[in-house]
Amino acid sequence: MQAWQVHQLGEPSEVMRLQDVERPVPGDGQVLLKVRAANINFPDALMCRGHYQVRPSLPFTPGVEICGETEDGRRVLANPALPYGGFAEYAVADAAALLPAPDALDDAEATALHIGYQTGWFGLHRRAGLEAGETLLVHAAAGGVGSAAVQLGKAAGATVIGVVGGAGKAAVARELGCDVVVDRRAEDVIAAVKEATGGRGADVIYDPVGGEAYTQSTKVVAFEGRIVVVGFAGGTIPAPALNHALVKNYSILGLHWGLYNTKNPKLIQHCHEQLTELAARGAVKPLVSERVPLAGAAAAVQRVADGLTTGRIAVLPSLADGASA
């Protein structure tokens, strides 16, 4: 089979190599899956660089979420068991953690419903307790993680403010359903959010960026507001001033979705049921901006790493080389 492998750490476009390798052999409790679609996540780029908390031994195949097909023909969502990741024709995954792919979504959309939407659901509902009528601010609202939070926020009845970088991403955020869009490259984020909320600020802030975005969050969070720390795509890990949280009476909530797989896996299943129902009635639909063949995976991972994409890019091994959708 063909699979992308990383033999040394560095930029994805430089260290990912498409090679002919043997199909992986499932271990105890694992299954072999034919990859129908693999979604590109920012952690794939971080793993190539050696900057992610999970550091598989070299060589490894990136790709942390797929829509796959079991030997008996079932369409499932899975997180491949590294080092045999999803940017390949076949991957292995833990049998107990497989989730049924929603019938309402195609392969590319289904694989994008997994990590990003689960993270959004746990962050907004389990951690922040978002309620209808509240104001939700989403940083990087046109990206893969942000776009999921925007749709989930609207489905929950919140007013959603999306912060983006650039006019093109602003247009995408509006199409996703943001009630207010702030282009950080052209506007003062703090002033714009305060104006949009009548000076009150946002009840819940969803931050997958860190750095300056987090600093802005602390200045526009409402009384008894909640800042959900999802990641640090901006490259800088902030050092919160806890005296500021005390004086303004807001909460800082960390979210590591992967922990639920080991600490409370039943909640993963419950979340998936909620997301499947939302997808079935059209309340959420993952934004898949590109569908690329297996040969295009490295270049696509690099574009995600460089922050040049909107929504999700799906890698489809069955797609002919040179084709895209």
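## Salt bridges and cysteines

Let's start with one pair: Asp106 and Arg291 form a salt bridge, with their closest N and O atoms 2.8 Å apart. In sequence these two are far from neighbours: Asp106 sits in the loop between strand 7 (99-100) and helix 3, Arg291 belongs to strand 14 (residues 288-293), and 185 residues separate them, so the pair links distant parts of the chain. Asp106 is partly exposed, at 34% relative accessible area, while Arg291 counts as buried at 17%. Keep in mind that this is a predicted model.

How many salt bridges does the structure hold? The count is twelve. Two more of them share a residue, Arg36.

The side chain of Arg36 meets that of Glu69 in a salt bridge, 2.9 Å from N to O. Here too, distant parts of the chain are linked: Arg36 is in strand 3 (residues 30-39) and Glu69 is in strand 4 (residues 65-69), 33 residues apart.

Arg36 also has a salt bridge with Asp107, this one at 3.0 Å from N to O. Asp107 lies in helix 3 (residues 107-112) and Arg36 in strand 3, so this pair ties together parts that are 71 residues apart in sequence.

And there is a network: salt bridges link Arg36, Glu69, Arg75 and Asp107.

Are the residues of these pairs buried or exposed, or somewhere in between? The cut-off for buried is under 20% relative accessible area, and partly exposed runs from there up to 50%. Here is how the residues come out:

| Residue | Relative accessible area | Class |
|---|---|---|
| Arg36 | 28% | partly exposed |
| Glu69 | 25% | partly exposed |
| Asp106 | 34% | partly exposed |
| Asp107 | 17% | buried |
| Arg291 | 17% | buried |

So the Arg36 and Glu69 pair joins two partly exposed residues, because their values are 28% and 25%. In the Arg36 and Asp107 pair, Arg36 is partly exposed but Asp107 is buried.

Now for the cysteines. How many disulfides are there? The count comes to zero. Take Cys67: the nearest cysteine sulfur is that of Cys271, 17 Å away. A disulfide needs two cysteine sulfur atoms within 2.5 Å, so Cys67 is in no disulfide.

Where does that leave Cys67 in terms of burial, buried or exposed? Cys67 counts as buried, with a relative accessibility of 0%. Cys178 is buried as well, at 10% relative accessibility.

Definitions and conventions:
Residues numbered from 1 in each chain as written. Predicted model: local features only at pLDDT ≥ 70, side-chain atom pairs only at ≥ 80, totals over all residues. Heavy atoms only, no water. Salt bridge = Lys/Arg side-chain N within 4 Å of Asp/Glu carboxyl O. Helix = DSSP H or I, 4+ residues; strand = E, 2+ residues; numbered from the N terminus. Buried < 20%, exposed > 50% of the residue type's maximum accessible area, 1.4 Å probe, protein only.
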